Amino acid sequence: MQLEHLKCIMELNEQGNYADAAQSLYLGQNSLRDIVKNMEAELGFTIFSKNNSRIQTTSEGEEALLLMGDILRYCGEMKNLSLQASSHATSILVSPSILYSLAMPLNQRFTQVIPHGNLTFRLSVGDEIGRKLLQNEANLGLTYFSESYAEYYQSIAARYQIHVEKLLQDEYCLLVREEHPLAGKEKVSPEELTQCSFAVLDHFNVSNDFWQRVHNIENNNRFTTYPSIALILRAVLELGMIGVTSGYSAHAPEQNEPIKRIRLVDKDGLGRFYMYLLFRDNNGLLNNEQIALQCIREYFQTLSGTKAIAKNSSELPTD
């Protein structure tokens, strides 16, 4: 199965007929028909059936096209990562829940200062980000900690000239479709959620005090972990699941998506957590990394609808 053949299948589906698709792909119609025939033989089912002069997608074909689109998109993203790595991009370790909302606005700010510069985001979470900084695998990171754990980590990080700076206070947020029974609520407590199917990020479905309490409630809830916010949104829209994410990342979906955001609150405040910026002191940062540090602070100062507590961008750390 070749990527170029997947592109041909996608183009044929887009055009709706062999003549236009072949012209768009600079192929002969017979060549395109052979590609489709070989692909269907390899898959073991028919992708397209003919209806007069236009093709019609079979039910199996529709599912295959969705997967083909995902494959092509992921391959494109991998290619972009390779290009970024080869151009000496500035690297930042970041949690998946932060990356979804942060990548585009931060890159825009960064390239305004360094037009030919770019940022590489390496996915990592919690303790793993701190460990990689302590082991000199990176110089910048963004992650979520509870306030008590941040104090503990800060005492260790200080010995290695790593700063731990609080950026904003956050809380868990639920994402549901507009027709979901919970869609009319502004906030809910864990005790109100019974027989629900949750889509959560792996690093949110951990045994901290809050999630331990949620799991211990005998309300027949089910939890499925996903590696990215994008897949959680897909689970919400296509499967009717309840997405769980941070309040910060919950503001990222496009406004035209039929998604309602609901605060997940608890009486003891265990659901609150904080986003932290981890970085080495100035002597340990390259010039591009210092600029990225300033861009991060400036961006979080401009956020609306969040409790941003970033320092002034001019307040770079001094030794």
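**View 1. Thr 120 is a buried residue of strand 4.** Thr 120 counts as buried because its relative accessibility is 12%, where buried means under 20% relative accessible area (1.4 Å probe, protein chains only). Its home is strand 4, residues 119–123; strands are DSSP runs of E with at least two residues, helices are runs of H or I with at least four, and both are numbered from the N terminus. Look for Ile 92 too: 28 residues separate Thr 120 from Ile 92 in sequence, yet their C-alpha atoms are 6.2 Å apart. Please keep in mind that this is a predicted model, in which local features need pLDDT of at least 70, side-chain atom pairs count only at pLDDT 80 or more, and totals for chains, interfaces and linings use all residues. Residues are numbered from 1 along each chain as its sequence is written, and side-chain values use heavy atoms, with hydrogens and water left out.

**View 2. Ile 92 belongs to the largest nonpolar core.** This core has 42 residues, and Ile 92, Leu 142, Leu 174, Met 275 and Phe 300 have the most contacts inside it. Helix 11 (residues 287–301) is the top contributor, giving seven residues. A nonpolar core here is a set of buried Ala, Val, Leu, Ile, Met, Phe, Trp, Tyr and Cys residues joined through side-chain atoms within 4.5 Å. Another core, of 17 residues, lies apart from it and includes Ala 21, Ala 22, Leu 65 and Met 68.

**View 3. Helix 5 packs against helix 9.** Helix 5 (residues 96–113) and helix 9 (residues 229–239) pack at about 90°, their axes 9 Å apart. Helix 5 is therefore roughly perpendicular to helix 9, a label for angles of 65 to 115 degrees. Pro 96, Ser 97 and Tyr 100 of helix 5 meet Ile 229, Ala 230 and Leu 233 of helix 9, with contact meaning heavy atoms within 4.5 Å.

Definitions and conventions
Axes are lines fitted to C-alpha atoms, for helices over the stretch in contact, and angles run from 0 to 180 degrees between N-to-C directions. Angles under 35 degrees count as roughly parallel, over 145 as roughly antiparallel, 65 to 115 as roughly perpendicular and the rest as oblique. Buried means under 20% relative accessible area, exposed over 50%, partly exposed in between (1.4 Å probe, protein chains only).
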